[in-house]
Amino acid sequence: MSFEIKKLILDKIKEYDRIILFRHFRPDGDAVGSTKGLREILRLTYPEKEILLINNDYSDYVSFLGGEDQDIEDEKYSTALGIVIDTATEERISNPKFSLCKELIKIDHHIETKPYGDLSWVEEERASASEMIADFYLTFKDELKINKDAATYIYTGIVTDSGRFRFRSVSGETLRCAAALLDLGIDTDTLYAHLYMKDFDALKFQGYTYKKMKRTENGVVYLHVDKAMKKKFDLTNEEAGASVSYMDSIKDSLIWLAFIDSDDGSIRVRLRSRFVTVNSIAEKHNGGGHACASGATVYSKKEMKTLIAEADALLKQYKEQNDGWL
């Protein structure tokens, strides 16, 4: 089945002279890496085609990978093939002009709740959308072209979305795809320096969070990065959201949550877990995602407390019904 949908996607790409790529707003390494990687592959393979990557926002975290393309006239969308990568629902697509495209393809690895697109390739068990793009290239490597830049983009997406190959979604196929990309000469020393070195002020913020994080009765650890904290450390939303990773190694705490105040009055939530499935909680609060990594939005401290209580009850139930957790 997977080969058939990939072949249909490749055939559809061949039909169009203009192809526009899209991804979700507030992009992470996977959204950027998968789209930039596919754009580079298609530009190398089909130099006669116009291959564009157009969105309304970007990511400071992976800005070292370079930017995207400027917008074009609306009428040019109408004759284009649109490809949306790493985006579960239409509401999360960064560039709303995707709807102007003549046809639309979806490539994604999130749990599918609202199908869209004329062609849809969804594999929920994949560690990243970038892994899917690597697999797409490897499936048709006798026909598609790649270079070190494309490999670096895609590898960045795989590394960041797999938690440096630590998450449960990582499979042998993930590592085989990564190995094939590494064989193209990726400079991992420079890449990892960009991804994991921290500014001095960022380290001070990280230390501060350890004083502010809290723990529920059953082991849910959570942190509220409010506007005052963001101002104190001059944090972007992206930098504030990264705080969820500071809580991922606490024994007995299988669920950890970061609440980030937004300028519009809402509170963005990042939910992470080990062993426990948390996306059902996210779906109750205007969100969704993966089993152990999801996002949501709440609109008051009362709703924030409700989400924390739901997570605590879920963790209590898990611990009562399962053994072997740390």
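**A parallel sheet and its surroundings**

Visitor: How many bridges join strand S1 to S3?
Guide: In this predicted model, strand S1 (residues 18-22) and S3 run parallel. One pairing places Ile-19 opposite Leu-81 in S3. The number of bridges joining S1 to S3 is four.

Visitor: In what order do the five strands of the open sheet lie?
Guide: S3 also pairs with strand S4 (residues 103-108), in the parallel sense and over five bridges. S4 in turn pairs with S5 over four bridges, again in the parallel sense. The pairing in the open sheet is parallel, and the order is S2-S1-S3-S4-S5.

Visitor: Which are the edge strands?
Guide: An edge strand here pairs on one side only. S3 is joined to S1 by four bridges and to S4 by five, so S3 has a partner on each side in the order S2-S1-S3-S4-S5. The edge strands are S2 (50-53) and S5 (119-122).

Visitor: How many of the five residues of strand S3 are buried?
Guide: Side chains in a regular strand alternate between the two faces of the sheet. On one side of S3, Leu-81, Ile-83 and Ile-85 are buried, and on the other side Gly-82 and Val-84 are buried too. S3 (residues 81-85) is therefore largely enclosed by the rest of the structure, and the count of buried residues is five of the five.

Visitor: Which strands does helix H2 touch?
Guide: H1 lies across S1, S3, S4 and S5, at about 135 degrees to S5. Helix H2 (residues 29-45) packs on the sheet as well, and its direction makes about 170 degrees with that of S2. The strands touched by H2 are S1, S2 and S3.

Visitor: Is H1 roughly parallel or roughly perpendicular to H4?
Guide: Helix H1 (residues 2-15) packs against helix H4 (residues 129-139) with the axes 11 Å apart and an angle of about 80 degrees. Angles of 65 to 115 degrees count as roughly perpendicular. H1 is therefore, with respect to H4, roughly perpendicular.

Visitor: Is Ser-253 buried or exposed?
Guide: Ser-253 sits in the loop between helix H10 (237-241) and strand S8 (255-261). Its side chain reaches the backbone oxygen of Gly-219 at 2.9 Å. Beyond its neighbours within four places in sequence, Ser-253 has contacts including Arg-215, Val-221 and Leu-326. The relative accessibility of Ser-253 is 0%, so this residue counts as buried.

Terms used. Residues numbered from 1 in each chain as written. Predicted model: local features only at pLDDT ≥ 70, side-chain atom pairs only at ≥ 80, totals over all residues. Heavy atoms only, no water. Helix = DSSP H or I, 4+ residues; strand = E, 2+ residues; numbered from the N terminus. Buried < 20%, exposed > 50% of the residue type's maximum accessible area, 1.4 Å probe, protein only. Polar contact = N/O pair within 3.5 Å; in protein donor to acceptor, adjacent residues only side chain to side chain. Contact = heavy atoms within 4.5 Å. Axes fitted to C-alpha atoms, helices over the stretch in contact; angles between N-to-C directions. Parallel < 35°, antiparallel > 145°, perpendicular 65-115°, else oblique. Pairing = 2+ DSSP bridges.
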